Amino acid sequence: MVIKNLEKINIKIFQNDLISWFKREQRDLPWRKDQDPYKVWVSEIMLQQTRVDTVIPYFNRFIEWFPTIDDLADADEDKILKAWEGLGYYSRVRNLQSAVKEVRATYNGVVPDTPEEITRLKGVGPYTAGAILSIAYGLPEPAVDGNVMRVISRILSIWEDTARPASRKVFEQAVRELISHDDPSAFNQALMELGALICTPTSPACLLCPVREHCQAFEEGVQHELPVKTKKNKTRNVQLAAAILVDDSGRIMIHKRPSTGLLANLWEFPNVELKHPLEGEQDYVEQLFNTSLGLNIQLGRIIGQVEHVFSHLIWNIMVYIGKITTEFEEGDEWKLVSVEEMEQYAFPVPYQKMFKLYQQSLEE
Ligand code: SF4
């Protein structure tokens with residue numbers, strides 16, 4: 001595959017400009033303190049879909065709770081979900097745990113250092129593999145995500161549609177041509193850092209850019225038109241009613257979500273999807289709850305609304321309080337817990353927000 005515009009770049013000087021800028025300006029991030037492949041791996045999985053500022057405290061706590069591959073392999077699923085609570089995309093941490101178990105069983109506890117072996121691990125795609133191989137093992141492998149595609153599309157003025165999975169190969173090849181073999185770790189991290197700090201999606205700071213002299217998009221004045229990215233399908237809106245249902249002794253009913261699908265195995269408050277035009281009417285909602293839970297409840301007032309945006313859908317949750325008015329049998333998936341016990345269960349962000357509304361309502 002021929003990558004266009006490469007001949008216009010002096011690759012040695014480009015590498016030098018990029019890496020020396022990175023060494024001067026890089027942010028002090030906890031996963032940059034050493035090159036332990038396990039820590040690089042955890043940080044890269046956390047950073048997928050999540051901002052650096054958000055990840056920092058999660059990363060520190062995760063490494064404190066599970067400092068080694070063995071600790072994570074042996075941990076209870078409830079504890080790893082608790083450590084991930086609020087980060088979203090929970091299959092990431094489940095895959096990470098399966099993968100470290102595999103590392104222990106098959107590779108003697110050492111993260112493999114070949115692209116073939118490492119990409120066989122659950123949840124390790126080409127980007128994460130490239131990041132671990134280059135940052136922890138110093139191998140000249142590309143680590144191409146949306147951020148790096150944006151930067152490279154501008155530097156080389158590449159007009160491939162970055163939303164198409166097939167385009168990734170073009171960008172990987174471009175990085176293979178550009179990457180420093182003396183310091184692949186710094187090179188890949190520098191590209192990521194440039195994308196995060198300077199060559200940002202909507203307002204690239206070209207005047208501050210260390211590689212401006214090499215940048216074809218800047219020379220052509222098209223940096224705002226790149227990268228090409230066709231729009232994804234529209235997101236779906238889901239209207240839910242959820243309730244904090246309390247028994248006579250003030251314990252709250254919680255439910256464990258199914259073991260597959262969205263937010264699998266996390267805990268939630270009882271909820272129903274509202275598909276009917278009568279959705280605003282309390283009797284109707286109460287009836288839905290009674291049917292879906294198979295017991296009698298009495299809904300009280302609405303204490304607020306919660307909106308949560310996932311990558312492909314938006315939840316709009318109408319939040320009720322209510323009482324359980326019949327006997328209720330606890331099981332593995334349904335529990336009654338005190339406010340203090342709630343701490344032990346991992347809830348996704350929309351239900352955490354809902355619980356906050358409940359606590360505020362108690363103070364009113
Ligand atoms: S010059 Fe501008 S468009 Fe080019 S890499 Fe730098 S910030 Fe990005």
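## Surface and make-up

About 18,200 Å² of the chain is exposed, and 48% of that comes from carbon and sulfur atoms (areas by the Shrake-Rupley method with a 1.4 Å probe). Keep in mind that this is a predicted model, where local features need pLDDT of at least 70, side-chain atom pairs count only at pLDDT 80 or more, and totals for chains, interfaces and linings use all residues. Residues are numbered from 1 along each chain as its sequence is written, and side-chain values use heavy atoms, with hydrogens and water left out.

Of the 364 residues, 51% are buried (under 20% relative accessible area, with a 1.4 Å probe and protein chains only). Charge-wise, you'll find 40 positive and 52 negative side chains, and the centres of the two sets sit 5 Å apart. Lys and Arg count as positive here, Asp and Glu as negative.

## Overall fold

Look along the chain and you'll meet 14 helices and seven strands (DSSP runs of at least four residues for helices and at least two for strands). The C-alpha atoms fill a box of roughly 75 × 50 × 35 Å along the principal axes.

## Two domains

The chain splits into domain 1 (6-220) and domain 2 (236-363), with bounds from an automatic or database domain assignment. Their C-alpha centres are 37 Å apart.

So where do they meet? Nine residues of domain 1 are in contact with 14 of domain 2 (heavy atoms within 4.5 Å). Between them the domains bury about 880 Å², meaning the accessible area (1.4 Å probe) lost on being put together, summed over both. On the domain 1 side, Lys 82, Glu 85 and Tyr 90 supply 45% of the area buried against domain 2, more than any other three residues.

Definitions and conventions: Buried < 20%, exposed > 50% of the residue type's maximum accessible area, 1.4 Å probe, protein only. Charge placed at Lys NZ, Arg CZ, Asp CG, Glu CD. Buried area = accessible area lost by both parts, 1.4 Å probe.
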